Amino acid sequence: MSAAAGIPQVEPPDESAEEVIDRLGMVPIPEEGAWYVAGPRTQGLNAITVLLTNRPDGFSAMHRLTIDEGWQWLGGAPAALLRLRPGGSGVLNYVGGEHSQVLVRKNTWMGATTLGWWTLLSCWCAPAFRPEHFELGRREDLVEQYPQFGEEIRTLTREQPVGRMR
């Protein structure tokens with residue numbers, strides 16, 4: 001997905017994605033892709049800091065959770081966030097300076113990519129995320145269910161997951 005009309009063009013950042021990863025001590029997000037570092041966690045809520053990059057492993061692949069997830073833009077370029085709702089509808093939002101927060105309701109397919117070099121986000125889940133809440137989307141199944149978003153789904157899925165969740 002490329003920058004859309006109305007989304008500001010972003011100048012090259014002062015800090016590279018690799019420098020952000022090193023500074024924050026980030027690791028790859030299993031299966032989904034992109035980078036993260038854990039934040040606060042209780043039984044009722046947890047948060048992570050996420051970095052989307054313009055590298056092949058740097059986008060958040062289509063996935064859904066059985067719990068709600070909030071996304072908040074922290075810095076860098078805006079991000080494109082695709083949400084595919086149960087029943088066949090969907091929406092492509094931009095998370096950035098003007099629209100910095102988005103709530104993704106449980107059982108909604110979601111995937112995101114940076115619209116620049118990188119995007120830094122905070123994501124939180126309520127109740128706290130556990131691996132059994134996660135399901136990675138399959139390209140063919142999602143395109144069949146949501147043909148109007150075929151191009152976006154192909155952009156936000158991979159042939160193989162990035163590692164495996166434990």
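A residue is taken here as buried when its relative accessible area is under 20%. By this criterion, 43% of the 166 residues of the protein count as buried in the structure described here, which is a predicted model. The surface that the protein exposes amounts to about 8,700 Å², and carbon and sulfur atoms supply 50% of this area. The protein contains 3 helices and 11 strands, and from the N terminus on these elements follow one another as α-β-β-β-β-β-β-β-β-β-β-β-α-α. Among the contacts between residues at least 6 apart in sequence, 74% join residues at least 24 apart.

The strands can be described sheet by sheet. An open sheet of 6 strands, with antiparallel pairing, has the order 1-2-3-10-5-8. Its edges are formed by strand 1 (27-28) and strand 8 (101-104), each of which pairs on one side only. Within this sheet, strand 2 and strand 3 form a hairpin with 4 residues between them, and their antiparallel pairing extends over 5 bridges. In this pairing, Trp35 stands opposite Leu51 of strand 3. Strand 3 also pairs with strand 10 in the antiparallel sense, here over 8 bridges, and Thr49 has Ser122 of strand 10 as its bridge partner. Of the 8 residues of strand 3, 7 are buried, so this strand is largely enclosed by the rest of the structure.

Another open sheet is formed by 5 strands in the order 7-6-9-4-11, and the pairing in it is likewise antiparallel. Strand 7 (90-95) and strand 11 (134-136) are the edge strands, each pairing on one side only. On average, and with direction ignored, neighbouring strands of this sheet are turned by 25° against each other. Inside the sheet, strand 6 (residues 79-84) and strand 9 (residues 109-114) run antiparallel and are joined by 6 bridges, and Arg83 is found opposite Met110 of strand 9.

Helix 1 is placed against the sheet that contains strands 2, 3 and 10. The helix lies across strand 2, strand 3 and strand 10, and it runs at about 155° to strand 3. Its buried residues, within the segment 17-24, are Ala17, Val20 and Ile21. These residues cover an arc of only 100° around the axis, which puts them on the same side of helix 1. The spacing agrees with a general property of such elements: an α-helix has 3.6 residues a turn, so residues three or four places apart point the same way. The cover over the buried residues of helix 1 includes strand 2 (35-41), strand 3 (46-53) and strand 10 (118-126). On the face turned away from this buried side, helix 1 carries the exposed residues Asp22 and Arg23. The helix is followed by Gly25, a residue whose phi is positive, near 70°.

Charged side chains provide a further set of contacts. In general, side chains of opposite charge can pair when their charged atoms come close, and the structure holds 9 salt bridges. In one of these salt bridges, Arg55 is joined to Glu18, with the closest N and O atoms 2.9 Å apart. Arg55 lies in the loop between strand 3 and strand 4 (60-65), whereas Glu18 belongs to helix 1, so the pair ties together parts that are 37 residues apart in sequence. Arg55 counts as partly exposed because its relative accessibility is 27%, and Glu18 is likewise partly exposed, at 39%. The side chain of Arg55 also meets that of Asp57 in a salt bridge with an N to O distance of 3.2 Å, and Asp57, with a relative accessible area of 27%, is partly exposed. Through salt bridges that share partners, Glu18, Arg55 and Asp57 are joined into one network. Elsewhere in the sequence, Asp141 forms a salt bridge with Arg138, in which the closest N and O atoms are 3.1 Å apart; with a relative accessible area of 33%, Asp141 is partly exposed.

Note on methods. Residues are numbered from 1 along each chain as its sequence is written. This is a predicted model: local features need pLDDT of at least 70, side-chain atom pairs count only at pLDDT 80 or more; totals for chains, interfaces and linings use all residues. Side-chain values use heavy atoms; hydrogens and water are left out. Buried means under 20% relative accessible area, exposed over 50%, partly exposed in between (1.4 Å probe, protein chains only). Helices (H or I, at least four residues) and strands (E, at least two) are DSSP runs, numbered from the N terminus. The arc is that of the directions from the helix axis to the C-beta atoms. Contact means heavy atoms within 4.5 Å. Two strands pair if DSSP finds at least two bridges between them. Axes are lines fitted to C-alpha atoms, for helices over the stretch in contact, and angles run from 0 to 180 degrees between N-to-C directions. A salt bridge is a side-chain nitrogen of Lys or Arg within 4 Å of a carboxyl oxygen of Asp or Glu. Accessible areas come from the Shrake-Rupley method with a 1.4 Å probe; for residues, only the protein chains shown count as cover.
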